[in-house]
Amino acid sequence: LFSGRVEFLKSAPALEFLPDPTVPEIAFAGRSNVGKSSLINAFTGRRAIARTSVTPGRTQELNFFEIGDPTLFRLVDMPGYGYAKAPKDVVKKWRFLINDYLRGRTVLKRTLVLIDSRHGIKPVDHEILEMLDEAAVSYAIVLTKGDKVKASDLAKVQDKTAEAIRKRPAAYPEIFTTSSEKHLGIDDLRQFVLSSIES
Ligand code: GDP
């Protein structure tokens, strides 16, 4: 599957541009620089799909990729958040777009919330978790850049993340640890996504 069809479908700057909800969707969310493009590339087995298809102008849009032939699911690359220099109206636009999408999208099976292994869940990540809980969208946490952290620190951040997540209303979300660079945890994530689209 992941060596098969992976194709950029479209960008949606607002709800009226969303593709018809005909197949399951899996969304990837995270703050800017968390390693989202790298993870999408590793996940899809494409060197640069997230980068080549997504020009800078598209960064505040939802980007849809189709996986499989016939399409098994769509991967949705959400715009990154928490960029320190983002103007207020950009932040506001992000909030409206994400909220609208999360609340109205019945085909959305899971959102993967990416968290940097070096930092763990930060205040900047709370808004998306809040939105997911309010929209009752199932999510999983994906710790990124695991190769940058030594094993003992990785265990600590995994524990802290589990603890932070336990305090939230969602049914206990899974936590994955990945490295796009070293291709660690990617197959587990693929398995999880495949089982999620069937549920
Ligand atoms: P995005 O802004 O969330 O799309 O983040 P990118 O995928 O562009 O990654 C941000 C930076 O982190 C880049 O310099 C990447 O090379 C680096 N990076 C991403 N994933 C990994 C990883 O798994 N390991 C390491 N060591 N660096 C990574």
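Student: Is Asp-133 buried, partly exposed or exposed?

Tutor: Happy to start there, keeping in mind that this is a predicted model. Asp-133 is found in helix α4. A residue counts as exposed with 12 or fewer other C-beta atoms within 10 Å and as buried with 20 or more. Asp-133 has 13 such atoms, so its class is partly exposed.

Student: How far apart are the C-alpha atoms of Asp-133 and Pro-169?

Tutor: Along the chain, Asp-133 and Pro-169 are 36 residues apart. In space, the separation of their C-alpha atoms is 6.7 Å.

Student: How are α3 and α4 oriented relative to each other, roughly parallel or roughly antiparallel?

Tutor: Let's take the geometry step by step. The axes of helix α3 (residues 88-104) and helix α4 (residues 123-135) come within 9 Å and cross at roughly 30°. Angles under 35 degrees count as roughly parallel. The two helices, α3 and α4, are therefore roughly parallel.

Student: Is the crossing of α3 and α4 left-handed or right-handed?

Tutor: This is the crossing with an angle of roughly 30°. For α3 and α4, the handedness is right-handed.

Student: Which residue just past α4 has a positive phi without being a glycine, and what is its exposure class?

Tutor: The loop between α4 and β6 (139-144) is the place to look, and Ala-136 sits there. Its phi is near 55°, a positive value in a residue other than glycine. With 10 other C-beta atoms within 10 Å, Ala-136 falls in the class with 12 or fewer. The residue is Ala-136, and its class is exposed.

Student: What is the phi of Asn-33, and where does Asn-33 lie?

Tutor: Asn-33 is placed in the loop between β2 (25-30) and α1. With 13 other C-beta atoms within 10 Å, Asn-33 is partly exposed. Although Asn-33 is not a glycine, its phi is positive, at about 80°.

Student: Which two residues does a cis peptide bond join?

Tutor: Look at the loop between β3 (62-67) and β4 (73-77), where Pro-70 is found. The omega of the bond is about 0°. The residues joined are Asp-69 and Pro-70.

Student: Which helix gives the largest share of the shell around the ligand?

Tutor: There are 16 residues around the ligand, and Gly-35, Lys-36, Ser-37, Ser-38 and Glu-181 come nearest. The largest share, three residues, comes from a helix spanning residues 36-44. That helix is α1.

Student: By class, how many residues in the shell around the ligand are polar?

Tutor: A docking-minded question, so here is the breakdown. The shell has one nonpolar residue and five charged ones. The polar count is 10.

Student: How far is Asp-187 from Ala-42, C-alpha to C-alpha?

Tutor: Asp-187 lies in helix α6 (residues 186-198). It is exposed, with 11 other C-beta atoms within 10 Å. Asp-187 and Ala-42 are 145 residues apart in sequence, while their distance in space is 9.7 Å.

Student: Turning to α5, which class does Thr-161 fall into, buried, partly exposed or exposed?

Tutor: Thr-161 lies in helix α5. The threshold for buried is 20 or more C-beta neighbours. Thr-161 has 19 inside 10 Å, so its class is partly exposed.

Student: And what about Glu-163, buried or exposed?

Tutor: Glu-163 also belongs to helix α5, which covers residues 151-166. The C-alpha atoms of Glu-163 and Ile-115 are 14 Å apart. With 11 other C-beta atoms within 10 Å, Glu-163 is exposed.

Student: What are the mean pLDDT of the protein chain and the ipTM of the model?

Tutor: Good thing to check before any detailed reading. In the protein chain, 93% of residues reach a pLDDT of 70 or more. The pTM is 0.95. The mean pLDDT is 91, and the ipTM is 0.99.

Methods
Residues are numbered from 1 along each chain as its sequence is written. This is a predicted model: local features need pLDDT of at least 70, side-chain atom pairs count only at pLDDT 80 or more; totals for chains, interfaces and linings use all residues. A residue is near a molecule or strand if its C-beta atom, placed from the backbone, lies within 6 Å of it. Helices (H or I, at least four residues) and strands (E, at least two) are DSSP runs, numbered from the N terminus. Ala, Val, Leu, Ile, Met, Phe, Trp, Tyr, Cys and Pro count as nonpolar, Asp, Glu, Lys and Arg as charged, and the others, Gly among them, as polar. pLDDT is the predictor's confidence in each residue, from 0 to 100. Axes are lines fitted to C-alpha atoms, for helices over the stretch in contact, and angles run from 0 to 180 degrees between N-to-C directions. Angles under 35 degrees count as roughly parallel, over 145 as roughly antiparallel, 65 to 115 as roughly perpendicular and the rest as oblique. A crossing is left-handed if the near helix is turned anticlockwise from the far one by less than a right angle, and right-handed if clockwise.
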